[in-house]
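Ready for a few short exercises in reading a fold? Have the viewer open, try each task yourself, and then walk through the solution.

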Amino acid sequence: MTDATSEDLATIYAKPTARVLAKARPAIDIHARKFIEMSPFCVLATSGTDGSVDASPRGGYSGFVHVDGPNRLLMPDRPGNNRIDSFKNIVEGTGLLQLIFFVPGLDETLRVGGSGAVTTDPALLAAMEEFGKLPRAVLRIEVKETYFHCGKALMRSKLWSKETQVERARFPSISQVIHDQTSLGEPESQAEVEARYKTQL
């Protein structure tokens with residue numbers, strides 16, 4: 001088995017249509033702005049100086065990412081696990097990043113590309129209080145491109161469909177997962193963990 005080359009890809013896939021190419025916009029237009037203002041969740045992707053890639057979920061109230069002009073977004077950082085992989089990639093590397101915005105109930109998604117910088121400007125922090133707390137930092141994003149993806153991926157996955165939602169009891173809590181993965185005592189055997197899964201089905 002051999003891996004595909006760029007020449008192979010050209011024979012496998014047809015060229016994108018002019019309309020598909022034209023969907024890439026150099027700024028946030030009225031449609032992208034509305035979508036971002038409706039979105040309570042996005043995925044932030046960054047790359048490290050060693051070539052590694054990180055993708056991190058981000059969420060808040062709808063519109064938690066603020067549109068600060070046609071080429072600027074402001075994303076407050078909320079308490080997390082303190083790994084700060086994304087921020088390390090941004091401040092130590094090129095700063096290039098990509099975002100995918102989701103809106104519950106809509107199958108389309110919005111991709112935003114650009115570069116980022118991390119700021120602790122007091123005025124910005126004060127303007128982005130949420131859940132009664134100030135963010136620890138704000139990610140300032142200079143937008144270079146926006147692109148709406150059609151809804152095929154979410155439609156195929158039935159992501160928003162109630163019929164595909166998994167019952168909470170079918171997967172252990174995150175605290176149980178972390179306990180299993182980091183326990184300093186006598187760890188459960190793989191068979192014991194699998195048996196516990198079977199009781200949850």
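The exercises below use a predicted model, and each comes with a worked solution.

**Exercise 1. Find which residues of helix 3 are buried, and work out how they are arranged around the helix.**

Solution.
- Step 1: Go to helix 3, residues 30–38, and pick out Ala-32, Phe-35 and Ile-36, its buried residues.
- Step 2: Look down the helix axis; the buried residues fall within an arc of 95°, so they line one face of helix 3.
- Step 3: Recall the general rule: an α-helix has 3.6 residues a turn, so residues three or four places apart point the same way.
- Step 4: See what this face meets: the buried residues pack against strand 3 (66–67), strand 4 (72–77), strand 5 (96–102), strand 6 (109–119) and strand 7 (137–149).
- Step 5: Check the N-terminal end of helix 3, where Asp-29 acts as the cap. One of its side-chain oxygens lies 3.1 Å from the backbone nitrogen of His-31.

**Exercise 2. Identify the residues that touch the most other members of the largest nonpolar core, and say which element gives the most to this core.**

Solution.
- Step 1: Among the 23 residues of this core, those touching the most other members are Ile-36, Val-65, Leu-73, Leu-99, Phe-101 and Leu-139.
- Step 2: Trace where the core comes from: at least two residues each are supplied by helix 3, strand 1 (41–47), strand 4, helix 4 (85–92), strand 5, strand 6 and strand 7.
- Step 3: Strand 7, with four residues, gives the most.
- Step 4: Zoom in on Leu-139; leaving out residues up to four places away in sequence, its contacts include Leu-44, Leu-73, Phe-87, Ile-90 and Val-118.

**Exercise 3. Describe the geometry of the aromatic pairs Phe-35 with Phe-148 and Tyr-61 with Phe-131.**

Solution.
- Step 1: Count the aromatic pairs in the structure; there are three.
- Step 2: For Phe-35 and Phe-148, the centres are 5.5 Å apart and the planes stand at 85°, which makes the pair edge-to-face.
- Step 3: Place the two rings: Phe-35 is in helix 3 and Phe-148 in strand 7, so the pair ties together parts 113 residues apart in sequence.
- Step 4: Compare burial: Phe-35 is buried at 6% relative accessible area, whereas Phe-148 is partly exposed at 24%.
- Step 5: Turn to Tyr-61 and Phe-131, a tilted pair with 4.5 Å between centres and 35° between planes.
- Step 6: Tyr-61 is in the loop between strand 2 (53–59) and strand 3, and Phe-131 in the loop between helix 5 (122–127) and strand 7.

Key
Residues are numbered from 1 along each chain as its sequence is written. This is a predicted model: local features need pLDDT of at least 70, side-chain atom pairs count only at pLDDT 80 or more; totals for chains, interfaces and linings use all residues. Side-chain values use heavy atoms; hydrogens and water are left out. Buried means under 20% relative accessible area, exposed over 50%, partly exposed in between (1.4 Å probe, protein chains only). The arc is that of the directions from the helix axis to the C-beta atoms. Contact means heavy atoms within 4.5 Å. A polar contact is a pair of N or O atoms within 3.5 Å; within protein, one must be able to donate a hydrogen and the other to accept it, and residues adjacent in sequence count only if both atoms are side-chain atoms. A nonpolar core is a set of buried Ala, Val, Leu, Ile, Met, Phe, Trp, Tyr and Cys residues joined through side-chain atoms within 4.5 Å. Rings of Phe, Tyr and Trp (its six-membered ring) pair if their centres lie within 6.5 Å; planes under 30 degrees apart count as stacked, over 60 as edge-to-face and the rest as tilted.
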